[in-house]
Protein chains: 2
Amino acid sequence: MEALKQKIIREGQTVGTGIVKVDGFLNHQIDVKFMNEIGREFRRRFSDIEVDKILTVEASGIGIACMTAPYFDYPPVVFAKKTTPSTMTEEFFGAEAKSFTKGTVSIIRVARKYLSKGDRVLILDDFLAHGEAAMAMTELVKQAEAQVMGIGAVIEKGFQGGGQKLRDAGFRLESLAVIEAINDGEITFA
Amino acid sequence: MEALKQKIIREGQTVGTGIVKVDGFLNHQIDVKFMNEIGREFRRRFSDIEVDKILTVEASGIGIACMTAPYFDYPPVVFAKKTTPSTMTEEFFGAEAKSFTKGTVSIIRVARKYLSKGDRVLILDDFLAHGEAAMAMTELVKQAEAQVMGIGAVIEKGFQGGGQKLRDAGFRLESLAVIEAINDGEITFA
């Protein structure tokens, strides 16, 4: 998605060779009009699938999922939680996800009642790096005996291997921008 | 907002006398089409104000803010963070917010560059209970020397006093549904 690449180059801030921050339009401040274009592009790429649920993970995935839902005729958006608030009392599906950026392991959870057997699920997330969060979401879907129709990432960091891992596992992955390398502040796309 | 009250009665789950869970359309699974109606209603109630930024707090506020932004001609949505990821290196505005539900105190933060002096800010959140999160957001706006144009809550729990506190402090508050009491599973609206 050319407009996305341009926006990453224009507004992204690189940190070392592994991180590009897009806090200005995706991870802290959200450019909602642009997210609407992101949603349109996900529909274009997944034009052939039917979707019963969109699954994402808090927090940055939520805006993306909400702006994409209208293009799939408003399926419910379910966001997996990284913590368990005391008001969340039902049974969950749960899967471990390591964050390489934060150096932590968290369990992401979805209440059982929001993923049903047979649901056709589109998984969306902001970044795909090592693929831990996306892989954990596919695990939640599997536990529910639902079906992953596809995985959509706004930005894939191709050099961190998560995309390859998901494709090798047989998932259909669409990344709107794939970064091949970050060197001296310069971003190279695949 | 009558449709919201009906939805709370139909889909909300009460816990004791203080909590109503609306995980089915707001806090875990999101009914995006309904959130679009929420956004339209916020615009109707705040039809007379100009907004440069919409400020909310992760995670449940994000969907609401994103679906409201189009009705205000797409101002940037900024979501305050409850934790500091290692990639967030800039200077912040920060304010304490107590969570009565979780029994915790957290600091919510916004990077300085996303709230500017003079910004006209609309604060949105899912629940208004004791008003801690909303009050903390007004504090962030104050630190930025920006201006709170209004505060919008989807559900106000009137009996927990946050709404009164904000109104007493001079803020314009619009709550789309105000719950007066929760008794034996029955919800009474103001």
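**Group meeting talk: two chains and the sheet between them**

Let me begin with a single residue, Asp73(B), which is found in the loop between helix H4 and strand S5, residues 77-80, of chain B. Everything I say today refers to a predicted model, so please read the angles and areas as values computed from that prediction. Asp73(B) is not a glycine, and yet its phi is positive, at about 65°. Is Asp73(B) buried or exposed? Its relative accessibility is 63%, and since the cut-off for exposed is over 50%, Asp73(B) counts as exposed.

Chain A has a corresponding entry, which I will give separately. Asp73(A) sits in the loop between H4 and strand S5, residues 77-80, of chain A, and there too a residue that is not a glycine takes a positive phi, of about 65°. With a relative accessible area of 63%, Asp73(A) is exposed.

Let me now move to the loop on the other side of H4. In chain A, the loop between strand S4, residues 53-57, and H4 holds Ala59(A), and the peptide bond that joins Glu58(A) to Ala59(A) is cis, with omega about -5°. In chain B, Ala59(B) is found in the loop between strand S4, residues 53-57, and helix H4, residues 60-68, and a cis peptide bond joins Glu58(B) and Ala59(B), again with omega at about -5°.

What of helix H4 itself? In chain A it covers residues 60-68, and because 9 of its 9 residues are buried, the helix is largely enclosed by the rest of the structure. Among the buried residues of H4(A) are Ser60(A), Gly61(A) and Gly63(A), together with Ile62(A), Ile64(A), Cys66(A) and Met67(A).

That brings me to the interface. How much area do chain B and chain A bury between them? The computed figure is about 3400 Å², of which 63% is on carbon and sulfur atoms. As a reminder of the convention, the size of an interface is often given as the accessible area lost when the parts come together. The contact draws on 43 residues from chain B and 43 residues from chain A. Between chain B and chain A the salt-bridge count is 0, whereas 12 residue pairs, with both residues at pLDDT 80 or more, are found in polar contact across the interface. On the side of chain B that touches chain A, at least two residues each come from strand S2 (19-21), helix H2 (23-27), strand S3 (29-30), helix H3 (32-45), H4, S5 and strand S7 (104-111) of chain B. Of these, H4(B) gives the most, with 5 residues. By residue class, that side of chain B divides into 21 nonpolar, 12 polar and 10 charged residues.

The pairing of strands also crosses between the chains. S5(A) and S3(B) run antiparallel and are joined by 2 bridges, and in S3(B) the bridge partner of Val78(A) is Gln29(B). These strands belong to an open sheet of 7 strands with mixed pairing, whose order is S11(A)-S10(A)-S9(A)-S8(A)-S4(A)-S5(A)-S3(B). Its edge strands, each pairing on one side only, are S11 of chain A and S3 of chain B.

Let me stay with the S11(A) edge for a moment. Strand S10 of chain A, residues 173-183, runs antiparallel to S11(A), and 4 bridges join the two. Within that pairing, Ile179(A) stands opposite Phe189(A), while Asn183(A) has Glu186(A) as its bridge partner. The hairpin has 2 residues between the strands, and in it Asp184(A) takes a positive phi near 50°. Which residues of S11(A) lie on the covered face? They are Ile187(A) and Phe189(A), whereas Glu186(A) and Thr188(A) make up the uncovered face of this strand, residues 186-189. In a regular strand the side chains alternate between the two faces of the sheet.

I will close with one charged residue of chain B, Lys7(B), which lies in helix H1, residues 2-11. Its relative accessibility is 7%, and because buried means under 20%, Lys7(B) counts as buried. Leaving aside residues up to four places away in sequence, what does Lys7(B) touch? Its contacts are Gly12(B), Phe25(B), Asp31(B) and Phe34(B).

Methods. Residues are numbered from 1 along each chain as its sequence is written. Chains are lettered from A and ligands numbered from 1 in the order in which they are written. This is a predicted model: local features need pLDDT of at least 70, side-chain atom pairs count only at pLDDT 80 or more; totals for chains, interfaces and linings use all residues. Side-chain values use heavy atoms; hydrogens and water are left out. Buried means under 20% relative accessible area, exposed over 50%, partly exposed in between (1.4 Å probe, protein chains only). Two strands pair if DSSP finds at least two bridges between them. Contact means heavy atoms within 4.5 Å. Buried area is the accessible area (1.4 Å probe) that two parts lose on being put together, summed over both. A salt bridge is a side-chain nitrogen of Lys or Arg within 4 Å of a carboxyl oxygen of Asp or Glu. A polar contact is a pair of N or O atoms within 3.5 Å; within protein, one must be able to donate a hydrogen and the other to accept it, and residues adjacent in sequence count only if both atoms are side-chain atoms. Ala, Val, Leu, Ile, Met, Phe, Trp, Tyr, Cys and Pro count as nonpolar, Asp, Glu, Lys and Arg as charged, and the others, Gly among them, as polar.
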